[in-house]
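Let's walk through this one together, starting where the protein chains meet and ending at the DNA. Keep the viewer open as you read.

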Number of protein chains: 2
Amino acid sequence: MSPRQPRRRSYDQYCASARALDAVGDRWTLLIVRELLAGPRRYTDLHADLPGVSTDVLATRLKDMEAQGLATRRKLPPPGAATVYELTGRGAGLLPVLTALAEWGAPDLAERRPTDALRAHWFALPLLRRLAEAAGPGVVDVVLDEGVFHVRLGGEGPAYGDGPAGAPDARLVLDADTCRELGEGLLSVAQGVEAGRIAVLGDGPVAAALRGGHPGP
Amino acid sequence: MSPRQPRRRSYDQYCASARALDAVGDRWTLLIVRELLAGPRRYTDLHADLPGVSTDVLATRLKDMEAQGLATRRKLPPPGAATVYELTGRGAGLLPVLTALAEWGAPDLAERRPTDALRAHWFALPLLRRLAEAAGPGVVDVVLDEGVFHVRLGGEGPAYGDGPAGAPDARLVLDADTCRELGEGLLSVAQGVEAGRIAVLGDGPVAAALRGGHPGP
DNA sequence: CGGCATCCGTGACGATACTG
DNA sequence: CAGTATCGTCACGGATGCCG
């Protein structure tokens with residue numbers, strides 16, 4: 001028997017970018033990271049938020065990511081004893097890569113195809129940079145027709161999450177298209193508020209900074 | 001016959017990162033961009049600096065990139081009438097993506113495998129950010145045992161190039177391992193000079209800034 | 001029901017050979 | 001020099017089955 005691991009296909013180049021692509025260049029891997037940047041997720045939730053991925057590919061990728069130290073499996077304590085997948089520090093370090101990709105790909109969202117799947121928290125990545133420029137550290141809920149997510153500005157741990165945060169410093173209410181323009185940098189929060197396309201709820205410094213257009217402390 | 005273009009496989013997600021990966025997520029595409037960031041290149045040169053890519057895949061990728069507006073074909077005037085490939089503005093906009101990937105992948109260069117190919121200009125990407133932090137606008141030659149390349153700090157157009165620049169503002173002489181530590185941020189230029197691992201040649205402000213460790217004007 | 005493993009059809013990939 | 005043609009292999013996507 002030859003139990004040879006068919007060792008992962010590598011570019012075999014002594015180049016930092018090629019090394020990175022050896023680790024995360026496979027199909028679906030970076031999108032799994034995008035999901036896990038929202039915090040620990042169960043296998044079934046990952047499968048539901050990654051429409052099109054087959055079950056075996058998802059299982060294989062998760063195993064690869066675990067083997068490479070990008071993610072870990074963890075058993076939640078009972079009751080509700082489910083196993084969740086979670087990014088390691090190295091995996092979370094891919095945030096700048098996904099941010100750069102999102103920034104570059106944002107213009108392509110101008111076209112919205114009928115076959116496109118949509119999850120509210122997918123808007124978090126382009127928004128992270130914009131909101132961080134507009135306001136200091138804090139947690140902001142973002143309310144769309146399609147769902148709610150939250151972003152954490154200037155902290156560590158998960159950069160964003162699905163659903164509302166426990167105690168947000170501010171809440172933004174807008175529609176998906178306004179959210180797209182915001183993420184693309186075509187619109188500032190202050191401009192959106194003035195145009196009546198964005199409502200900012202909250203009375204703390206984060207909400208004030210978002211409304212006013214000048215950074216908080 | 002059904003001449004249906006089996007239209008490129010898409011993630012079909014209304015997400016900026018997924019859109020970006022639709023465009024550049026295929027195997028080899030981002031490495032072709034890395035090569036073209038060094039300036040216009042001929043097909044054969046691309047093939048030579050991308051060891052492992054098969055000729056048909058390279059041709060297919062270049063056609064895809066052309067169709068997507070990432071690159072253009074251009075015929076050089078005779079003599080030496082060769083066709084070269086060149087990035088468009090949109091294609092060059094991928095530089096932050098490759099920079100982020102390089103930054104994340106740089107630690108993996110600690111292990112150097114005997115099967116790894118190596119081209120001098122592959123060190124340019126991790127170095128770009130570090131040198132831009134250390135010195136103002138200018139052109140810097142970097143001389144390794146394995147070859148020479150140059151980086152352009154704070155300009156537009158190609159961010160780096162193979163071989164020496166015409167009139168560099170400074171020249172750095174070091175070995176590959178020092179270059180790796182420099183790119184990873186484990187070492188500053190000033191520290192490398194002090195340790196005798198880096199020589200900085202040139203008498204202008206760029207060279208002075210690199211030596212001194214404080215940014216130029 | 002969550003978490004995979006197995007099977008199968010299709011297409012992408014990699015190597016080599018060949019051509020304008 | 002700049003690709004196209006051919007072919008074997010493997011990865012992917014979809015469906016289904018198993019097992020705690």
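In this predicted model, the contact between the two chains draws 39 residues from chain B and 39 residues from chain A; two residues count as in contact if their C-beta atoms, placed from the backbone, lie within 7 Å. On the chain B side, α1 (16-24), α2 (29-36), α6 (95-105) and α7 (124-134) each chip in at least two residues. Helices (H or I, at least four residues) and strands (E, at least two) are DSSP runs, numbered from the N terminus. The largest share of that side, eight residues, belongs to α6(B). Sorted by class, the side of chain B that touches chain A has 24 nonpolar, eight polar and seven charged residues. Here Ala, Val, Leu, Ile, Met, Phe, Trp, Tyr, Cys and Pro count as nonpolar, Asp, Glu, Lys and Arg as charged, and the others, Gly among them, as polar.

How are the two copies related? Chain B lands on chain A after a rotation of 180° with 0.0 Å of shift along the axis, at an RMSD of 0.0 Å, so the pair is related as by a two-fold rotation axis. The superposition is a least-squares fit on the C-alpha atoms of residues with pLDDT of at least 70 in both copies. Within chain B, the C-alpha nearest that axis belongs to B:V97, 3.0 Å away from it. Both copies use the same surface: 100% of the contact residues of chain B recur in chain A.

Now look inside chain B. You'll find an open, antiparallel sheet of three strands in the order β1-β3-β2, where strands pair if DSSP finds at least two bridges between them. Its edges are β1 (41-42) and β2 (71-75), each pairing on one side only. Two bridges tie β1(B) to the antiparallel strand β3 (residues 83-87) of chain B, and B:R42 has B:V84 as its bridge partner in β3(B).

That same B:R42 turns up at the DNA too. Along with A:S54, B:T44, B:T55 and B:A82, B:R42 comes nearest among the 20 residues around DNA strand D; "near" asks for a C-beta atom, placed from the backbone, within 6 Å of the strand. α4 (55-67) of chain A, plus α3 (43-49) and α4 (55-67) of chain B, each supply at least two residues of this surface. By class, the surface near DNA strand D has seven nonpolar, six polar and seven charged residues.

A note on bookkeeping: residues are numbered from 1 along each chain as its sequence is written, while chains are lettered from A and ligands numbered from 1 in the order in which they are written. Since the model is predicted, local features need pLDDT of at least 70 and side-chain atom pairs count only at pLDDT 80 or more, whereas totals for chains, interfaces and linings use all residues.
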